[in-house]
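Work through the following exercises with the coordinates open beside you. Each one sets a task and then gives a solution in steps.

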Amino acid sequence: MLAEAAFKPGLEGVVAAETRLSSVDGQAGELVIAGFLLEELAGNATFEEMVYLLWHDRLPAAGELADFRVRLAAEHHLPPATLALLDAAARDKAAAMDALRMAASTLSLGREGDNAERDALKLVACFPTIVAAYWRRLNGQMPIEPRADLGHAANYLYMLTGSVPDAAHVRGLETYLNTVVDHGLNASTFTARVIISTGSDMISAVVGALGALKGPLHGGAPGPALDMVFEIGDPANAEAVLRRKLEAGERLMGFGHRVYKVRDPRADVLAAAAERMFHDSGDTALYDLSRQVEQVALRLLEAYKPGRNLQTNVEFYTALVLHGLGLPVELFTPTFAISRVGGWTAHCFEQISVGRIIRPQSAYTGSKTRRWLPVESR
Ligand code: COA
């Protein structure tokens, strides 16, 4: 009886882990990452510093950071089996998230024994290489080898395009990667913790997390959020298009959040990054359109769904930042994964130190009085 009384659909409000990695205050609209307010970290840290902070609970000193960058760069290259898998996936025209999930699994090849630190480094280092190599193969181009002299974010853009990105683009991407690296016990992080809690390995945990991230209710929304802005095209159309969607019972992508009932602080950090990038590029038309669409969407959501507190979420401005960086929509969710793998691996380290399997209960709702009938009598 106790289990049934305690059942919470979607596990809403259930506390299933303790963590020092991030704190999400949905009422105050506050995100703290390893002790820092997001606004303090996102625009300052390199992604390498962010991952080091999550793994070690402190920012690296200069020598430690240099050493960490060298160790990551040494793991950037893909094993031949991974490249062969990406070729096969490209022939099949697999979605980029599926290619990333399959390729991540191949990182198990050739390693001896379980070593969570080694596997975490390999996963974080290889994600940008996998996504860039896959995108190029899918488009009939040869993959570009990573460069040891470029940072993690710069390398990703370089491997996609073949050009070394300028500082503004690198800063824009790092701000994005830092903003979405960790976010409490979201669905993919929970998945990773459940898997690692069974005594399974880091690569299995991250492959499971990738599967959870792919869904449109989690990491799959930024593409559709941008589609919606493009479909509207002109601020004058916003009201009619959004009303039609809401009247058809559709959800507006980029709005609403399980935890944030005020504005998602990540949306503000990314809105500012988008504004800087579009301003620097000299063309703010898409940025201006997005802000207008956002205002109309918020007004209509309050009218159609009063009291639900549906606010702009991180995906809305993610779409704008990633588009401004020149990334195709198909790579939005894989780019989210390039960041979030830092959080997943950090959570796995935490869960390993807890050393207890995650095994909740279910509330049985079926009958208990059925009687067996031989097959000929059914
Ligand atoms: N557009 C329109 N209505 C929405 C909505 C949206 N984006 N998000 C939630 N709602 C409505 C629901 O239809 C529901 O209405 P009802 O009470 O009349 O049934 C109500 O608000 C509560 O929704 P619910 O699904 O219970 O909220 P949740 O906490 O489970 O869902 C999301 C959170 C993120 C899954 C949900 O807001 C959503 O689907 N948003 C769009 C997808 C998206 O942007 N995802 C990225 C998340 S970072």
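**Exercise 1.** In this predicted model, determine which side-chain atoms of Arg 251 face an oxygen atom of the ligand, and at what distance.

*Solution.* Begin with Arg 251, where an N or O atom of the side chain lies 2.8 Å from an oxygen atom of the ligand. Next, repeat the search for Lys 305, whose side chain places an N or O atom 2.9 Å from a ligand oxygen, and for Arg 308, where the corresponding distance is 2.7 Å. Since a polar contact requires a pair of N or O atoms within 3.5 Å, the pairs at Arg 251, Lys 305 and Arg 308 meet that cut-off.

**Exercise 2.** Describe the surroundings of the ligand, stating how many residues surround it and which are the closest.

*Solution.* Counting the neighbours gives 19 residues around the ligand, and the closest are Arg 251, Leu 252, Phe 255, Arg 258 and Arg 308. Then locate the site among the pockets of the protein: the space that the ligand takes is the largest pocket.

**Exercise 3.** Decide whether His 183 is buried or exposed, and identify its contacts.

*Solution.* First place the residue, which belongs to the loop that runs between α9 (167-179) and α10 (187-197). Its relative accessible area is 7%, and because buried means under 20%, His 183 is classed as buried. Then list the residues that His 183 touches, leaving aside those up to four places away in sequence: they are Ser 22, Val 24, Leu 31, His 257, Tyr 260, Arg 266 and Arg 340. Finally, examine Tyr 260 in that list, since the side chains of His 183 and Tyr 260 are joined by a polar contact of 2.8 Å.

**Exercise 4.** For Leu 11 and Lys 93, find what sign phi takes, and establish how accessible each residue is.

*Solution.* Start from the expectation that most residues other than glycine have a negative phi. Leu 11 has a phi near 55°, a positive value in a residue that is not glycine, and Lys 93 likewise has a positive phi near 55°. Then assign each residue to its element: Leu 11 lies in the loop between α1 (2-6) and β1 (22-25), whereas Lys 93 is in the loop between α5 (80-91) and α6 (96-106). For the last step, apply the accessibility classes, in which exposed means over 50% and partly exposed covers the range between that and the buried limit of 20%. Leu 11, at 44% relative accessibility, therefore counts as partly exposed, while Lys 93, at 65%, counts as exposed.

Technical notes. Residues are numbered from 1 along each chain as its sequence is written. This is a predicted model: local features need pLDDT of at least 70, side-chain atom pairs count only at pLDDT 80 or more; totals for chains, interfaces and linings use all residues. Side-chain values use heavy atoms; hydrogens and water are left out. Helices (H or I, at least four residues) and strands (E, at least two) are DSSP runs, numbered from the N terminus. Buried means under 20% relative accessible area, exposed over 50%, partly exposed in between (1.4 Å probe, protein chains only). A polar contact is a pair of N or O atoms within 3.5 Å; within protein, one must be able to donate a hydrogen and the other to accept it, and residues adjacent in sequence count only if both atoms are side-chain atoms. Contact means heavy atoms within 4.5 Å. A residue is near a molecule or strand if one of its heavy atoms lies within 4 Å of it. On a 1 Å grid over the protein atoms alone, a cavity is a set of points where a 1.4 Å probe fits but cannot get out, and a pocket is an open set with protein on both sides within 12 Å along at least five of seven lines; lining residues have an atom within 4 Å of a point. A molecule sits in a cavity or pocket if more than half of its atoms lie within 2 Å of its grid points.
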